[in-house]
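Subject: Structure handover

Hello,

Here is the structure I promised to pass on. Please open it first, then read the notes below.

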Amino acid sequence: MSALVRLLEHQERGWEYVRPLALAAEEAGRGEAAPPHPAAALYRFVDAEVVDLYRYNAFRCAHMVPGTGFAGGPPSTDDIDAETDHFYRCVVLLRMAAAHRLAPPELRVVASHAAGLDGWYADFAAVFAPAAEAFQRRLRGSGP
């Protein structure tokens, strides 16, 4: 199995944890016409700093695969790596905020989904490094 395929499978595995966060943020956003939900700011954080960042990076990883085309040029593997670190810092902040004694109880579910990303992040470097190397070789024109 190629390094790029392993990277895409790894991203798909991460989405299993991020998707419930996206759904929770979306559901919380539906009630924003009413008085502000006590956790509205935290759900906006989930949406912008966790879900959107994950999606953005997943699409950039997908654009590393031959034949997918590059919107605006090839993705930067250094940026993907750095943004993945940023994403995980946001996940850690989310978990800390959701565990705070003043956080609404429904956020504990959000925290449990975010906790699943620990293993995903721990494995990221080992999956990403060979994929980034293969991608860079392809950009230089020296093989798959």
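Start with Pro-20, which lies in helix α1. Please keep in mind that this is a predicted model. Pro-20 has a relative accessible area of 23%. Buried would need under 20% and exposed over 50%, so Pro-20 counts as partly exposed. Its C-alpha atom is separated by 6.9 Å from that of His-113. Along the chain, Pro-20 and His-113 are 93 residues apart.

Now the chain as a whole. It has 5 helices and 0 strands. Read along the sequence, the pattern is α-α-α-α-α. The chain holds 144 residues, and 36% of them are buried.

**Helix α1**

This helix covers residues 3-30. Where does α1 kink? The kink lies at Tyr-17, shortly before the proline Pro-20, and is about 40°. What about the length? The 28 residues of α1 should span 40 Å at 1.5 Å a residue. The end C-alpha atoms of α1 are 40 Å apart, which agrees.

Which residues of α1 are buried? Towards the start of the list are Ala-3, Leu-4, Leu-7, His-10 and Gln-11. Gly-14, Val-18, Leu-21, Ala-22, Ala-25 and Ala-28 complete it. A general point helps in reading such a list. An α-helix has 3.6 residues a turn, so residues three or four places apart point the same way.

Three residues of α1 are worth a closer look, besides the proline:

- Gly-14 lies in α1. Its relative accessibility is 0%, so Gly-14 counts as buried. Gly-14 and Leu-117 are 103 residues apart in sequence. In space, C-alpha to C-alpha, Gly-14 and Leu-117 are 6.6 Å apart.
- Ala-25 also lies in α1. With a relative accessible area of 8%, Ala-25 is buried. Val-51 is 26 residues from Ala-25 in sequence. The C-alpha distance between Ala-25 and Val-51 is 8.9 Å.
- Gly-29 lies in α1 too. Buried or partly exposed? At 33% relative accessibility, Gly-29 counts as partly exposed. Gly-29 and Tyr-43 are 14 residues apart in sequence and 7.7 Å apart from C-alpha to C-alpha.

**How the helices pack**

Helix α2 covers residues 40-62. The axes of α1 and α2 are 9 Å apart, and the two helices pack at an angle of about 155°. Angles over 145 degrees count as roughly antiparallel, so α1 is roughly antiparallel to α2. The crossing of α1 and α2 is left-handed. What kinds of residues make up the contact of α1 with α2? They divide into 17 nonpolar, 4 polar and 3 charged.

Next comes helix α3, residues 77-99. The axes of α2 and α3 come within 10 Å and cross at roughly 155°. That makes α2 roughly antiparallel to α3. The crossing of α2 and α3 is left-handed.

**Helix α5**

Helix α5 covers residues 117-140 and has 24 residues. From its first C-alpha to its last, α5 reaches 33 Å. That is close to the 34 Å expected at 1.5 Å a residue. Where does α5 bend? The bend is at Phe-124 and is about 40°. Phe-124 is also one of the buried residues of α5. Leu-117, the partner of Gly-14 in the pair above, is buried as well. The other buried residues of α5 are Trp-120, Val-127, Phe-128, Ala-131, Ala-132, Ala-134 and Phe-135.

If you have little time, look at two spots. One is the kink at Tyr-17 in α1. The other is the pair Gly-14 and Leu-117, 6.6 Å apart from C-alpha to C-alpha.

Best wishes

How values were computed
Residues numbered from 1 in each chain as written. Predicted model: local features only at pLDDT ≥ 70, side-chain atom pairs only at ≥ 80, totals over all residues. Heavy atoms only, no water. Helix = DSSP H or I, 4+ residues; strand = E, 2+ residues; numbered from the N terminus. Buried < 20%, exposed > 50% of the residue type's maximum accessible area, 1.4 Å probe, protein only. Axes fitted to C-alpha atoms, helices over the stretch in contact; angles between N-to-C directions. Parallel < 35°, antiparallel > 145°, perpendicular 65-115°, else oblique. Left-handed = near helix turned anticlockwise from the far one by under 90°. Nonpolar A, V, L, I, M, F, W, Y, C, P; charged D, E, K, R; others polar. Expected span 1.5 Å × (residues − 1). Bend = angle between axes of the 7 residues up to and from the residue.
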